[in-house]
Every structure is written in structure tokens, then in C-alpha cells.
Amino acid sequence: MALSFIKKVFTFGKPAEEPVPAAVERELEPRSRDEDLPVADDPVLAEEMDTAGGPAADIDDGGGEAAVAEDDVESSILPAADQLSDMGVVPLSLLEAEAAAEAEAEIQAVAEPVAEQPPSVPLGHLPHEAADPVETGALEQPADLEEIVEKLPEEVPAEPEEIPTEDDAGLDSSSQPISPPVGEMPGRAEGGGPEVEPETGSPILPRGFATGPKVVEPEPVVLQPKLSWFQRLRNGLARTSSQLTGQITALFTKRKLDDETLQDLEDLLIQADLGVETAMRVTDTLASERYGKDVTGEDVSRIMASEIAKVLKPVARPLQLDLSHKPHVILVVGVNGTGKTTTIGKLAAKLSGAGLKVMLAAGDTFRAAAIEQLKIWADRTKSEFIGTKLGADAAGLAYDAFEQAKAKKCDVLIVDTAGRLQNKAELMAELEKIVRVLGKLDPDAPHTVLQTLDATTGQNALSQVEIFRNVAGVNGLIMTKLDGTARGGILVAISAKHKLPVYFIGVGEGVEDLEPFEAEDFAHAIAGLGQ
Ligand SMILES: Nc1nc2c(ncn2[C@@H]2O[C@H](COP(=O)(O)OP(=O)(O)OP(=O)(O)O)[C@@H](O)[C@H]2O)c(=O)[nH]1
């Protein structure tokens, strides 16, 4: 390499009449052969630039040592100036040397951009719309470019490098971009998550896949809008109301109100558990107002809501607490699973939240889980708690509870009882005993006997009230599980028949899902109307 530069910078032409001395020729001859010189990797451009005064320092191909070695070689093979003249060697002029160096630099300047053509935009594959910069003259092509390119076959790929496509990987690329969009890049978590260093040599994956460690996204905080009680009631009664109003609308589509439609409506309302009495009230009112006229489903819903409200108003009463009694005793009874324990917890939350001192007594001595469940509610609601061992006498516990509540000056004592089927005489007798024992401690106790009713049981709830009323003297009702049932109409039938106060209704398992019973709200919700 250095030798080629030397060849360019120095002319070895000598006057013919002055032959080179044989000794000198011998000394020069072996060193004039390229193969005898140490050769760097890039024998043409970089080193020549270096020697020609170009930016040698910038071109460090890692062969620094080689360059130093070449310098040594050059100095060892370069004859001194006076020696050259002695040898008849005539140095090129400075201008000639510069011209040679410039020529080499030009070759490199032209060659480099060609060699750096991005493989993804191959020549000849420009879109037709895009003007060819060479054709338009925007990019002036050097006249000798072809020649230069020919000289550098290894540096200019004849064919552009193909980017491997999904086809190459045996995958369908018909609708695939060559570069997958952000989020589908290998090594990048989907959804633009934190970037993950792609593994070297990782394959191009189909859409919907990503490589790298699983990125755990933080749980999005979903703020639930706070619903009003009426909204929750409507949601809870949605199944009941949609079934009812759907059937009514179907019945009154393009029909005048006649005897037949009235009879159909009455049947429909009875099947919806509203009870015969309420069904007849609705049809009578409808007939008196609209007989022989066109009637819409909404007309019927409004009249139905109005009649239901009339039935419910007398029973929608607040639970009266006589706080002259310390404690006011509430005995909670009902069939298994109707929601006694849960309802006690919800009531305790309301009462202790209002500043009353409450004691909860675990009178369901049949179920260990029931005792534990009530203890949890007592802790949650900061209420006093009294329990006994499994299988112990429930009446005895009721007695102890009253004594303790009195001693602790509790305002309210709520006694849980075991669920029992109304036809189990033995269990019903035990319930009677609890009532008797409490009556011995305070002639008015229990002051309130609350029965929980599960709305999903439908017509069966009517007979449950009948029996518990006779055995335990039930004097108030709470209907639970009005949410998710299509049988909410049963509350209307029970109210019409027993005329017992309905204090609260439950529309869910949460502590806030128990609210005072409001006749108008319930009537509107069940008829699918607004407040
Ligand atoms: N969806 C819904 N579930 C309720 C409601 N009230 C109570 N529950 C659920 O009904 C189930 C039974 O409730 P409990 O309070 O254990 O009933 P219980 O009458 O004490 O049961 P026993 O001790 O077996 O007699 C529980 O899973 C409660 O969470 C309500 O209003 N709506």
C-alpha cells in the first residue's frame, strides 16, 4: 500500500542514458514487490489518504500498530532525498502529489455514499411517482461513476439485500407491514409499555405476540360512580320490572282495552307474584279510566305503579325503637339462608353508626360458621358480642345476652336465631322458648320480632310469614335479595295479605345494600318508571 503511494508520489523513471547502478538495483528490487511488504486491510484508500496528508487520525481501523509498522517500513524503504537524486530518482512536484491525493479522495467520496445505500430502498425500486433524482438532474451523477462502481464490485451490492419477510419465515405476510407497529415489535411490550431489550436473533413474530419478560401493568383504578339508593333499587329490581313491563307492552301493542285484554293483564300480574288483590286493583282502575280506548304499555305501567304504591304505603313504616327499654330487644327469625345474620350486621352498622350502643347475640347455636359470621359483623360495626359453644341452648344464650346488655347499658340487643323450616315442629318450639325466656326478663321483650324473607322464594314467602307470625309473634318484615330476582312482586302480595310493617329491603350483600322501605320508590322501580 505504502508502496503504491510511493509510486504515485515518486517517479522512478530515469534517463535512459543513466542506468541505475547494479548495486542500487539489487537493493531496490526485492522491496519494490508488494508481496514483500506488510499489507493493511484496506490497501487502497485509507492509508493513501494518510500519507497524502488526509485525515489519517480519523481513520483508525484498529490497525494502529499496523500503521506504525508501515511507517517504519516506509521509512526503511524510502530512500533519502539525496540518495534518490544519487539514484537518479526525480520526486514529483508538490502540486503533482496533491493532485494525486485529491484524485484518490474523490474516488472515496463517490464510492462511500454508493456503498452506504440502505438495502431496503433498492435502486430501480423507487415508486413511479417519486422522481428519480438522477433523471431530474437534482443529483448530478459524476461522469465516471459507472467506472468507479465497476472498480468497487465488493463494496456495492449488485442486488439489494432482501429484508426477511414473514413469507420467509413461513408466515402470511399479506397484511403485514415489514416493520411491525410499535407495541408489536419483538422485545416491546404490547400497548406501548416499557421497552424490553430485544434478544439478538429473536424471530419476527406474528401480530399480537411479543417477546421478553412479562410486563405487569398496574391495575387501572376504576372509580365507580356513587349511585343513589333509587338507582340501586331500580338496578336490583331490573329483572322483575323488565319481565313485567315487557309482557305488558307485548299485550297492549295495537290493542284497544276490552274484557279480553283486561283478563290477560290480570293473569299476567298474578303470575308476576303481585297477588290477586293487587292485580284486580290495577285492572279495575284501568277499566274505569280507559275502557274501549287505545292503551299503551306505559299507560298500564303508570296505573300499576300508582295502585302498588297504595298497597305498600301503609306497611312502609320505620322500625320503632323504644329506647326507654335498655336494651330494646330485636329478635330476628326466618327460614335458613333468608339473610338473618347478614341483615343483623347491616342493621348494627346503621345503629352503631348513629351512636347507639349495640350488642349482637349469636343465638344460632347450630352453625359454627353463623357464630363466627356474627362475631365478624360485631367487630366491623364496633358492637358488643356474646356467643356460646356450638349446640348450646339458644334460649339460655338469649337470657345471658339480655342480662349482659342490661349490665353494659346497651341501647339495642339484636338476637340471631338458627334458620328453621316452618314445618319443623321441634325447632319452632325452641323459638317459642326463646320468646318466653326474654318475656320473663322484660314483659315487653322481644320488642321487635323481625322476619327476614328471601324475595327469590316467591309465593312460599307468604306461608313463611303466616307460620313465624303465629309461633314467634313476628311484627315486622325485611325482604332480602330483591336484587337479581324476577319475583320482587311477592312483597306486594305479602303486604296486601299480612299488612305487617316492612321496615327495610335488601338489594345486595354489602353493608350499604339495606335501606328503609319506601312505597313510592318501590312501586316506580318495579313498574320500570323513574322516581
Ligand atoms: N344478593 C343478596 N344476598 C344476600 C342478601 N342478604 C343476604 N344475602 C346473602 O344470603 C346468604 C345467606 O345469608 P345469611 O345471613 O347467612 O342467612 P341466614 O338466614 O343467617 O342463614 P342461616 O344461618 O343458615 O339461617 C349470604 O350469602 C348472604 O350474603 C341480599 O339482600 N342480597
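A residue counts as exposed if 12 or fewer other C-beta atoms lie within 10 Å of its own C-beta atom, as buried if there are 20 or more, and as partly exposed in between. By this criterion Lys382, with 12 C-beta neighbours inside 10 Å, is exposed. The model analysed here is a predicted one. Lys382 is located in the loop that connects α14 (368-381) to β5 (384-386). Its phi is positive, at about 55°, although Lys382 is not a glycine. A positive phi, near 55°, is also found at Lys499, again a residue other than glycine. Lys499 belongs to the loop between α18 (490-498) and β9 (502-506). With 11 other C-beta atoms within 10 Å, Lys499 is exposed.

The protein as a whole contains 19 helices and ten strands. Of its 531 residues, 30% are buried. Among contacts between residues at least 6 apart in sequence, 73% join residues at least 24 apart.

Two cis peptide bonds are described here. One joins Lys326 and Pro327, with omega at about 5°. Pro327 is part of the loop between α12 and β3 (328-333). The other runs from Ala445 to Pro446 and has omega near -10°. Pro446 is placed in the loop between α16 (425-441) and β7 (448-454).

The surroundings of the ligand were examined next. The ligand is surrounded by 20 residues, of which Gly339, Thr341, Thr342, Gly419 and Gly506 are the closest. Helix α13 (residues 340-353) supplies the largest share of this shell, three residues. In terms of class, the shell comprises eleven polar, seven charged and two nonpolar residues.

An unreviewed UniProt entry lists residues 501-514 under "domain: SRP54-type proteins GTP-binding". Over residues 501-514 the chain is 43% strand and 0% helix. The C-alpha atoms at the two ends of this segment are 16 Å apart.

Helix packing was considered for α9 (residues 238-251) and α10 (residues 259-271). The axes of α9 and α10 are 11 Å apart and form an angle of about 170°. Angles over 145 degrees count as roughly antiparallel, and α9 and α10 are therefore roughly antiparallel to each other. On the α9 side the contact involves Gln247, Ile248 and Leu251, while α10 contributes Thr261, Asp264, Leu265 and Leu268. By class, four nonpolar, two polar and one charged residues make up the contact of α9 with α10. As a general point, an α-helix has 3.6 residues a turn, so residues three or four places apart point the same way.

Helix α9 is also involved in the surroundings of helix α19 (residues 519-526). Seven of the eight residues of α19 are buried, so this helix is largely enclosed by the rest of the structure. The buried residues of α19 are Ala519, Asp521, Phe522, Ala523, His524, Ala525 and Ile526. Their cover includes α8 (229-236), α9 and α12 (297-312). Just after α19, Gly528 adopts a positive phi of about 75°.

Two pairs of residues illustrate how α19 is placed relative to parts of the chain that are remote in sequence. In the first pair, Asn235 and Ala525 are separated by 290 residues in sequence and by 8.5 Å in space, C-alpha to C-alpha. Asn235 is located in helix α8, and Ala525 is one of the buried residues of α19. Asn235 itself is partly exposed, with 15 other C-beta atoms within 10 Å. In the second pair, Lys313 and Ala519 are 206 residues apart along the chain, and their C-alpha atoms are separated by 5.1 Å. Lys313 is found in the loop between α12 and β3, and Pro327 is also placed in the loop between these two elements. With 14 C-beta neighbours inside 10 Å, Lys313 is partly exposed, whereas Ala519 is buried.

Conventions
Residues are numbered from 1 along each chain as its sequence is written. This is a predicted model: local features need pLDDT of at least 70, side-chain atom pairs count only at pLDDT 80 or more; totals for chains, interfaces and linings use all residues. A residue is near a molecule or strand if its C-beta atom, placed from the backbone, lies within 6 Å of it. Helices (H or I, at least four residues) and strands (E, at least two) are DSSP runs, numbered from the N terminus. Ala, Val, Leu, Ile, Met, Phe, Trp, Tyr, Cys and Pro count as nonpolar, Asp, Glu, Lys and Arg as charged, and the others, Gly among them, as polar. Axes are lines fitted to C-alpha atoms, for helices over the stretch in contact, and angles run from 0 to 180 degrees between N-to-C directions. Angles under 35 degrees count as roughly parallel, over 145 as roughly antiparallel, 65 to 115 as roughly perpendicular and the rest as oblique. Two residues are in contact if their C-beta atoms, placed from the backbone, lie within 7 Å. UniProt positions are given in the numbering used here, feature names are shortened, and annotations may be inferred rather than shown by experiment.
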